[in-house]
Amino acid sequence: MRRACAVLAVALLGAAPASPPGLPTTRIAGPYYVVETSSLRYNTDSGAFVADAPVKVTKQRLDAAGERAEGNVKAGTATLHGSVQVHDGGGPSSPRGKSAPPATLTCDQLEVDGKRELYHAEGRARYESGERTATARTMILDRKHKTLHLEGDVVMTQGDSTARAQVVDMDLASGRTVSTGAPVTLSRPASPAP
């Protein structure tokens, strides 16, 4: 199921450099994020942009990088394509709270809605934070409401425990997780004999 929303970085999240070393970098800033790249087409009236080179989008302790992107800095929307990496610096601005470790999200395509703080990751999506990892075909990080929605062949690990499901909804602030879609399986290593 694909949600109809223009979205993410949550996830958001030290990524690849915005441009190869030695090339000039163009930087544009809007109310919701900053875009940096070495190849940019930008409409100053509408705010629309197209970056045909490696690009970096940043917002308060959150950055996303990809091979190319398009979007609108005035509306706060962007879509990053190709080897996308999102890094959330953790700490007070993190959806998991002030003591949260940094988090990284990787995927093939990321839709960012900076105004609504939504990040929609498609294609080989992988989320890592501390000892937690999750993979799925689709992930939607809602930083404002501190939730993460995972859908399609979801595998989550924490330490030695693994959970598999078709759909998982996580409340990042409380850690509460709801898994649906048959079958839901949980596994952890066997306890040592007494």
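A strand, as the word is used in these legends, is a run of at least two residues that DSSP marks E, and strands are numbered from the N terminus. Asp153, for example, has its place in strand S12. Please keep in mind that the model shown here is a predicted one.

**Figure 1. The whole chain is built with 15 strands and zero helices.** Let us start with the overall picture before we zoom in. The protein chain has 194 residues, and buried residues make up 44% of them. About 9700 Å² of the chain is exposed, and carbon and sulfur atoms supply 51% of that area.

**Figure 2. Strand S9 (103-113) pairs with S8 and with S10.** On one side of the pairing list is strand S8, residues 77-88, which is antiparallel to S9 and joined to it by 10 bridges. To find this pairing in the model, look for Thr77, which stands opposite Asp113 in S9. The other partner is S10, also antiparallel, with nine bridges to S9. Here a good landmark is Val112, which has Tyr119 of S10 opposite it.

**Figure 3. Four residues lie between S9 and S10 in their hairpin.** Which residue in this turn has a positive phi? The residue is Glu117, with a phi of about 60°. Glu117 has this positive value although it is not a glycine. Its place is in the loop between S9 and S10. Is Glu117 buried or partly exposed? Its relative accessible area is 22%, and buried means under 20%, so Glu117 counts as partly exposed.

**Figure 4. Arg116 shares the loop between strand S9 and strand S10 (118-129).** With a relative accessible area of 43%, Arg116 is partly exposed. Now follow the chain on to Arg143, which comes 27 residues away from Arg116. How far apart are the C-alpha atoms of Arg116 and Arg143? They are separated by 8.4 Å.

**Figure 5. His120 sits in strand S10 and is buried.** The relative accessibility of His120 is 1%, and the limit for a buried residue is under 20%, which is why His120 counts as buried. What does the side chain of His120 touch? It makes a polar contact with the side chain of Glu122, at 2.7 Å.

**Figure 6. Strands S12 and S13 run antiparallel and are joined by 10 bridges.** A pair to look for is Leu150 and its bridge partner in S13, Val168. The two strands form a hairpin with two residues between them, where Gly159 has a positive phi near 60°. Strand S12 also holds Asp153, whose phi is near 50°, a positive value in a residue other than glycine. Asp153 has a relative accessible area of 45%, which makes it partly exposed.

**Figure 7. Strand S13 also pairs with S14 and S15.** Four bridges link S13 to S14 in the antiparallel sense. Met170 and Thr177, the latter in S14, are bridge partners. Between S13 and S14 the hairpin has five residues, and Gly175 there takes a positive phi near 85°. The pairing of S13 with S15 is antiparallel as well, over three bridges. Ala163 helps you find this pairing: its bridge partner in S15 is Leu186.

**Figure 8. The largest pocket has a volume of about 330 Å³.** Rolling a probe the size of a water molecule over the atoms reveals where empty space remains. The largest pocket is lined by 18 residues, and those closest to its centre are Met156, Thr157, Gln158, Ala163 and Thr177. Two of these names should be familiar: Ala163 is the bridge partner of Leu186, and Thr177 is that of Met170. Which elements give two or more residues to the lining? They are strands S11 (132-142), S12 (147-158), S13 (161-171), S14 (177-180) and S15 (185-187). By residue type, the lining holds seven nonpolar, nine polar and two charged residues.

Technical notes:
Residues numbered from 1 in each chain as written. Predicted model: local features only at pLDDT ≥ 70, side-chain atom pairs only at ≥ 80, totals over all residues. Heavy atoms only, no water. 1 Å grid on protein atoms, 1.4 Å probe; cavity = no way out; pocket = protein on both sides within 12 Å on 5 of 7 lines; lining within 4 Å. Points joined across faces, edges and corners; volume = space filled by probe spheres on them. Nonpolar A, V, L, I, M, F, W, Y, C, P; charged D, E, K, R; others polar. Buried < 20%, exposed > 50% of the residue type's maximum accessible area, 1.4 Å probe, protein only. Pairing = 2+ DSSP bridges. Polar contact = N/O pair within 3.5 Å; in protein donor to acceptor, adjacent residues only side chain to side chain. Areas by Shrake-Rupley, 256 points an atom, 1.4 Å probe, with all protein chains shown as cover.
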